[in-house]
Each structure stands twice: as structure tokens, then as C-alpha cells.
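Me: Please take a close look at one part of this model, the helical region. Walk me through how the helices are placed and what they touch.

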Amino acid sequence: KEEMDQKSVIRSSWRKLVDYAEVVADKLSAIQGIYKKQLIHDVKEFSQDAREFRADFEENGPMVQGITPEEAVERLTRFRDQLQLRERKMEMYAAGEELFALRTTPYPELTKTKKEVALLDQLYGLYMDVIDTMSTNRGILWSDISEQLEAMDESTNGFDARCKKMPKRLREWKAYLDLREMLTSFQDILPLISELTKASIKSRHWLQVIEIT
């Protein structure tokens, strides 16, 4: 009889446990439905935001024709920061969709913009490196030029190699053309600078250079 009483208690406890589990499952299902509905709503809004961001990038971004390279760099920095914020949101929504077994929503506008920003980073990153180096070179005293010639030649050749490796689609941009012109001009003038540092150069030679330039 004691054993039967224990079995009865166990069955009763088990039924209570099952009933409680069903209540919890119902509550979780209701909560899940709320979060799933909110996620779908947020993803829809984000898709619209991605389209608007792309339109803004095309109309006011660094690829707009006619702007200066300096302005393009400023725009590139601004849009890159905005893109990174959206990429973090995109990852968060993708994780939510995976959690609820939903199909991952594509954002082709953001994917395309990311690729173009990466290309432009190459171009304008090199452009600013060259500008900074040229500015440093202009500040070198003539008495120190001979010691810096080798480093100047190496840096210029390095920039030239990076420039030649740029994707073809970037080679029509004004920044690339300006960059190419700066490097070519400096490569042309370096041999002349080297000659002028020689001890054999006299005052009359400098006067000739001044007359020519």
C-alpha cells in the first residue's frame, strides 16, 4: 500500500510538472511571436533605410563627378562611418532571422556600397599618403636634400607601384589622374635635384635653372 501511495504521488507530481511546462511553453510561444513580429517590422524598415542610404551615397557621396579629391576624402570618411553602423545592424538582424528560422534578408544596396567604399579607400588612401609625403619633402632644407634623395626615390617608386596596381575602374577618376601627374612630375624632377646637389654645381648653373624655370 505504501508503494502504491508513492506511485500515486509521483504521478500527481508528474502531471503538475507537465501542466506547468505547457504553461511556460505557451508563454514563451507568445513572447516569441511578439519578438518575431517586431523583427520582421524592423527588417522591413531597415531595407528601406538601406535603399535611401544608397541613393544618398550616389547623389552626395565621394563618387560624384566634379568634386575635389579633398572633398571626396571627407565624404568617403563620413559615408564609411555610416556604412559601418548599418553593417552592425545588418549582422544583428541576420542573427535574429537565424534564431527564428527565417530566411536571411539580403541588402544589395549595402553590399554594393561596401565594395565601392573599399575601392575608394585604396585610391584616396594612396592619394593622402602622397600628399602628406610631398608636403614633408617640400619642408626639407636644401642642405639636407642629398641625404634624403634615396628615401625620396624609394617612397616615390613605392607610390608609383601602388598606383599602377589600382583597379581599372578607378583610373578614370580625377584623384587618380592628379595622383599620376604628381608622381610623374616628381619622378622627372628627382634626377635634376640629384644633379643640383653635386659639388660641381656653380652659381652660374643656378642662374641658368632660374632662367629656365
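**Helix packing, up close**

Reply: The crossing of α3 and α4 is left-handed. This is a predicted model. Helix α3 covers residues 108-138 and helix α4 covers residues 142-164. Their axes come within 11 Å and cross at roughly 165°. An angle over 145 degrees counts as roughly antiparallel, so α3 is roughly antiparallel to α4.

Now the contacts across that pair. On the α3 side they involve Gly125, Leu126, Asp129, Val130, Thr133 and Asn137. On the α4 side they involve Met152, Ser155, Phe159, Arg162 and Cys163.

Next, one residue of α4. Aspartate 160 sits in this helix. Its relative accessible area is 9%. Buried means under 20%, so aspartate 160 is buried. Leaving aside residues up to four places away in sequence, aspartate 160 touches Arg180, Leu183 and Gln187.

Leu183 leads to helix α5, where it is one of the buried residues. The others listed as buried in α5 are Ala175, Tyr176, Leu179, Phe186, Leu190, Ile193 and Leu196. In an α-helix there are 3.6 residues a turn, so residues three or four places apart point the same way.

Last, the course of α5. This helix takes in residues 174-196, 23 residues in total. From first C-alpha to last, α5 reaches 33 Å, close to the 33 Å expected at 1.5 Å a residue. Helix α5 also bends, by about 25° at isoleucine 189. A proline, proline 191, follows within four residues.

Key: Residues numbered from 1 in each chain as written. Predicted model: local features only at pLDDT ≥ 70, side-chain atom pairs only at ≥ 80, totals over all residues. Heavy atoms only, no water. Helix = DSSP H or I, 4+ residues; strand = E, 2+ residues; numbered from the N terminus. Expected span 1.5 Å × (residues − 1). Bend = angle between axes of the 7 residues up to and from the residue. Buried < 20%, exposed > 50% of the residue type's maximum accessible area, 1.4 Å probe, protein only. Axes fitted to C-alpha atoms, helices over the stretch in contact; angles between N-to-C directions. Parallel < 35°, antiparallel > 145°, perpendicular 65-115°, else oblique. Left-handed = near helix turned anticlockwise from the far one by under 90°. Contact = heavy atoms within 4.5 Å.
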